[in-house]
Amino acid sequence: MLRRRFLYLPFKKSLLKYSLLHKDIGSKARVGEITTDHGTIETPIFMPVGTVATVKGVHQRELRDDIKPDVILGNTYHLYLRPGIEIIEQAGGLHKFMGWDRNILTDSGGYQVYSLSGNRKIKEEGVSFKSHIDGSSHFFSPERVMEIQRIIGADIIMAFDECTPYPCDYGYAKKSMHMTHRWLDRCIDHLKKLPMKYDYGQAFFPIVQGSTYKDLRIQSAEYIAEAGAVGNAIGGLSVGEPAEEMYEMSEIVCDILPEDKPRYLMGVGTPINILENIALGVDMFDCVMPTRNARNGMLFTAHGTINIKNKKWENDFSPIDEMGITFVDMEYSKAYLRHLFAANEYLGKQIATIHNLGFYLWLTREAREHIIAGDFASWKNTMVKQMDKRL
């Protein structure tokens with residue numbers, strides 16, 4: 001174990017620092033602060049997904065000035081295929097390429113490769129796959145993924161892992177977990193040889209796997225904790241398992257991962273999922289749900305979910321959301337937004353996306369305030385009941 005810890009010493013020189021500022025008295029929720037060369041990330045935090053160097057339907061100005069996330073997410077698999085790492089490198093890294101001066105986290109592409117199903121083959125050396133764009137053949141090894149993420153230049157980069165499906169039999173989950181651990185060690189070894197590409201640091205997070213098996217999650221969390229990274233992630237959840245199983249696995253893992261380092265639950269989830277996992281000790285979240293659902297006319301609010309396509313909103317001239325979290329909430333009416341969707345106007349999708357992202361960021365920031373105030377548990381329970389409604 002000491003040998004593996006030694007491998008991480010170079011990464012502790014990166015400028016990512018985490019401060020645990022406050023713990024909730026009625027749950028395992030906590031308030032923290034992550035600092036990198038691109039600014040401060042106040043936790044708990046939701047990260048809008050900008051898969052291909054864009055949060056769909058939102059200008060960077062709207063992100064920066066209205067939604068105000070401290071960090072957004074990009075994806076190694078998609079950026080590698082398009083525009084290609086050569087273009088990103090010529091631009092000086094992803095921040096400069098997309099005109100974003102705050103933090104970026106890149107997912108290693110493990111989940112995307114897993115989702116290709118019939119178009120990929122997983123073996124010890126890595127994963128061979130065919131592009132979903134043109135069918136061309138490619139190969140990701142742990143080493144290659146580290147090189148790609150160095151060139152993309154995110155502030156936080158992820159280990160290459162295998163995301164197992166749900167349901168998944170125990171034998172496969174165990175075999176996959178151990179391979180993910182071996183891949184992690186290869187990522188670590190290779191990163192030692194790769195100098196920083198740009199004039200800022202990069203932090204590296206390993207990923208806990210183990211499907212929904214308690215003993216495997218414990219083994220994996222212990223292995224990842226012993227690695228001594230500056231932050232840690234929980235993968236392989238929100239892939240179809242019941243919410244209660246997700247919460248059980250999150251709690252098991254959070255109880256093992258170091259308290260003095262951020263915990264990132266990948267790909268989660270609904271507003272209710274997020275609050276429940278904050279209560280279990282998770283700090284960071286990402287999910288395509290607010291943007292994807294927005295494009296389909298589904299709006300999240302503090303009082304429940306709205307399907308803006310429903311006829312009941314046809315002559316409702318009240319604001320989209322009287323809480324007024326972003327400018328669109330008070331500037332446009334439900335009737336107008338419904339009209340835009342009925343007419344298939346792009347503006348409707350843009351308005352809904354800004355609203356949903358603004359709500360997700362409000363939710364995590366409001367959770368932060370209630371943790372500090374000491375009434376998070378009761379507030380969370382009230383919010384869960386309110387949000388679990390169709391309006």
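Biologist: I would like to learn how to read paired strands, so which residue in β2 stands opposite Ser19?

Modeller: In this predicted model, Ser19 stands opposite Glu33 in β2. Strand β1, residues 17-23, runs antiparallel to β2 and is joined to it by 6 bridges, and the two strands form a hairpin with 6 residues between them.

Biologist: Which strand pairs with β2 over 5 bridges, and how many residues lie between the two in their hairpin?

Modeller: That partner is β3, residues 39-43, which pairs with β2 in the antiparallel sense, with Thr35 opposite Thr40 in β3. The hairpin of β2 and β3 has 2 residues between the strands.

Biologist: Is β2 largely enclosed or not, and why?

Modeller: As a general idea, the side chains of a regular strand alternate between the two faces of the sheet. In the case of β2, residues 30-36, 5 of the 7 residues are buried, so the strand is largely enclosed by the rest of the structure.

Biologist: How should I read a helix such as α8, and what span should its 22 residues have?

Modeller: An α-helix has 3.6 residues a turn, so residues three or four places apart point the same way. At 1.5 Å a residue, α8, residues 170-191, should span 32 Å, and its end C-alpha atoms are 31 Å apart, which agrees. Asp169 caps the N-terminal end of α8, with a side-chain oxygen 3.1 Å from the backbone nitrogen of Gly171.

Biologist: How many helices and strands does the whole chain have?

Modeller: The chain has 16 helices and 17 strands. Its radius of gyration is 21 Å, close to the 21 Å that the globule rule gives for 391 residues, so the chain is as compact as a globular protein of that length.

Terms used. Residues are numbered from 1 along each chain as its sequence is written. This is a predicted model: local features need pLDDT of at least 70, side-chain atom pairs count only at pLDDT 80 or more; totals for chains, interfaces and linings use all residues. Side-chain values use heavy atoms; hydrogens and water are left out. Helices (H or I, at least four residues) and strands (E, at least two) are DSSP runs, numbered from the N terminus. The expected span of a helix is 1.5 Å times one less than its number of residues. A polar contact is a pair of N or O atoms within 3.5 Å; within protein, one must be able to donate a hydrogen and the other to accept it, and residues adjacent in sequence count only if both atoms are side-chain atoms. Buried means under 20% relative accessible area, exposed over 50%, partly exposed in between (1.4 Å probe, protein chains only). Two strands pair if DSSP finds at least two bridges between them. The radius of gyration is taken over C-alpha atoms; the globule rule is 2.2 Å times the number of residues to the power 0.38.
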